[in-house]
Amino acid sequence: MSALSALGGLVRDVLQTAFRLAPWPTATGLRVVGSPGPDSPVLLTANYDFTVRHVIRALRGCDVWLVVAPAKGINVWCAAGAGHLTTHQVVTALKTSGVADRVNHRDVILPQLAATGVEGLQVFRRARWRVRFGPVRAADIPDYLATGGVKSDAMRRVEFGLRDRLEMAAVWAAPVSLLVGGLTWVFRPVWALPLALLATILAVAVFLVYDQLPGPRQLLLGAGGALASVAVVAVAGGGLPALAAALLAPFALVALLTFDYAGSTPTEGSGGFDGQDWKIRLDPERCEGVYSCFEVCPEAVYEKHEGSRRVELAHDERCVRCGACVVQCPKDALFFEDGQGGRIEPATIRQFKLNLAGKRTVAVPPPPEEQKSA
Ligand code: SF4
């Protein structure tokens with residue numbers, strides 16, 4: 001790789017991290033990585049430029065076919081959850097990319113986080129390709145391929161470590177700082193830089209500690225920011241208008257920065273749909289030990305019971321309601337329940353997905369007793 005293209009890649013990385021909230025589409029179709037042959041593995045990912053470049057970079061030294069499917073230029077998990085990377089997109093990409101003419105098998109490896117939107121069984125029924133869900137992170141793909149598709153527990157888990165937290169802080173800090181700084185510049189140029197800086201500091205604080213705060217988290221973080229910024233303005237000798245701005249701005253900024261916190265992090269459950277506390281539930285009578293739930297769950301909720309060919313919901317408190325296990329279970333053994341008779345069936349999850357704001361886009365039917373009395 002030349003120094004110029006490395007620099008170009010770095011610039012794109014920075015821009016696409018800072019402005020990840022915008023789509024960054026890249027060309028769909030078939031990419032050749034290394035020197036693949038008819039027996040080489042086929043991978044598929046979304047047409048998000050950042051992801052495609054990172055997957056290709058991670059695959060250096062491997063010989064694979066990479067199918068890039070249309071997903072509106074957004075990342076795999078968001079595209080799958082929002083209904084932009086679906087069974088239809090995957091079937092279309094497999095049929096139109098020409099990959100079927102290049103290989104002598106019909107096995108395709110998808111990123112695990114596509115499992116909320118792409119139903120493996122339906123891909124097989126409609127395109128005759130068998131779907132396997134590979135690791136969460138691109139960096140683990142070479143090891144996954146080298147072991148013939150063995151996925152370790154670590155390859156399945158979605159973590160939210162310091163690096164991920166700082167990355168998400170940058171994703172929100174860049175647009176919010178620019179917006180706040182730009183708007184303030186029009187009315188009070190002297191406040192533009194301090195407010196943009198405050199937005200950046202609060203973005204870091206939100207993604208480092210927000211999920212660990214108790215009680216009214218927005219209020220707590222806003223109050224902390226207000227105390228600190230009022231102190232700084234007071235020490236700097238700011239007047240009453242500046243003190244008022246320092247007092248109020250942190251609350252508004254925290255509200256803006258946490259607007260889609262659930263959609264931006266894996267630490268929150270997806271929506272308390274209609275105010276109800278939906279929990280993942282398993283019908284043991286239907287479970288036949290296919291283990292698709294175990295393979296796609298990013299929170300290690302399931303444990304395998306090889307002897308009885310069953311799974312157990314061993315850690316349901318970890319569930320973030322991504323819906324991947326429900327979508328993939330070929331026996332419809334999984335569903336969501338609210339403990340008061342409310343139930344979301346697999347067909348509903350498959351049809352409507354979960355939207356980016358973490359709210360369901362479908363009205364949940366009332367419990368059976370209410371239906372009878374209506
Ligand atoms: S158990 Fe919860 S977190 Fe795990 S795949 Fe199912 S819905 Fe997602």
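The paragraphs below describe the confidence, domains, helices and strands of a predicted model.

A good place to begin is the confidence of the prediction. The protein chain has a mean pLDDT of 89, with 92% of its residues at 70 or more. Two stretches call for some care. Residues 355-368 have a pLDDT below 50, yet in the model this stretch makes 32 contacts beyond near neighbours in sequence. Residues 370-374 also fall below 50, and here the model shows one contact beyond near neighbours in sequence. Where pLDDT is low, the predicted coordinates should not be read in detail.

Turning to the overall layout, the domain assignment divides the protein chain into domain 1 (3-156), domain 2 (162-264) and domain 3 (273-373). The centres of domain 1 and domain 2, taken over C-alpha atoms, are separated by 36 Å. Contact between these two domains involves five residues of domain 1 and five residues of domain 2.

Helix H1 covers residues 3-18, which makes 16 residues. From its first C-alpha to its last, H1 reaches 23 Å, close to the 22 Å expected at 1.5 Å a residue. The number of buried residues among the 16 of H1 is zero, so this helix lies largely in the open.

Further along the chain comes a unit built from two strands and a helix. Strand S4 (residues 107-110), helix H5 (residues 120-127) and strand S5 make a right-handed β-α-β unit. Within this unit, S4 and S5 pair in the parallel sense over four bridges; Ile109, for instance, has Arg132 in S5 as its bridge partner. In a regular strand the side chains alternate between the two faces of the sheet. Strand S5 (residues 130-133) shows this alternation nicely: Val131 and Phe133 point to one face and are buried, whereas Arg130 and Arg132 point to the other and are not buried. Arg132 thus appears twice in this picture, as the bridge partner of Ile109 and as a residue of S5 that is not buried.

A second strand arrangement uses the antiparallel sense. Strands S6, S9 and S10 form an open sheet in the order S6-S9-S10, with antiparallel pairing. Its edges are S6 (279-282) and S10 (343-344), each of which pairs on one side only. Between S6 and S9 (residues 334-337), the antiparallel pairing runs over four bridges, and in S9 the bridge partner of Lys279 is Glu337. Strands of a sheet pair through backbone hydrogen bonds, either parallel or antiparallel; the model offers both, with S4 and S5 parallel and S6 and S9 antiparallel.

How values were computed. Residues are numbered from 1 along each chain as its sequence is written. This is a predicted model: local features need pLDDT of at least 70, side-chain atom pairs count only at pLDDT 80 or more; totals for chains, interfaces and linings use all residues. A residue is buried if 20 or more other C-beta atoms lie within 10 Å of its own, exposed if 12 or fewer, and partly exposed in between; C-beta atoms are placed from the backbone. Helices (H or I, at least four residues) and strands (E, at least two) are DSSP runs, numbered from the N terminus. Two strands pair if DSSP finds at least two bridges between them. A crossover is right-handed if, with the strands pointing away from the viewer, the path from the first strand over the helix to the second runs clockwise. pLDDT is the predictor's confidence in each residue, from 0 to 100. Two residues are in contact if their C-beta atoms, placed from the backbone, lie within 7 Å. The expected span of a helix is 1.5 Å times one less than its number of residues. Domain bounds come from an automatic or database domain assignment.
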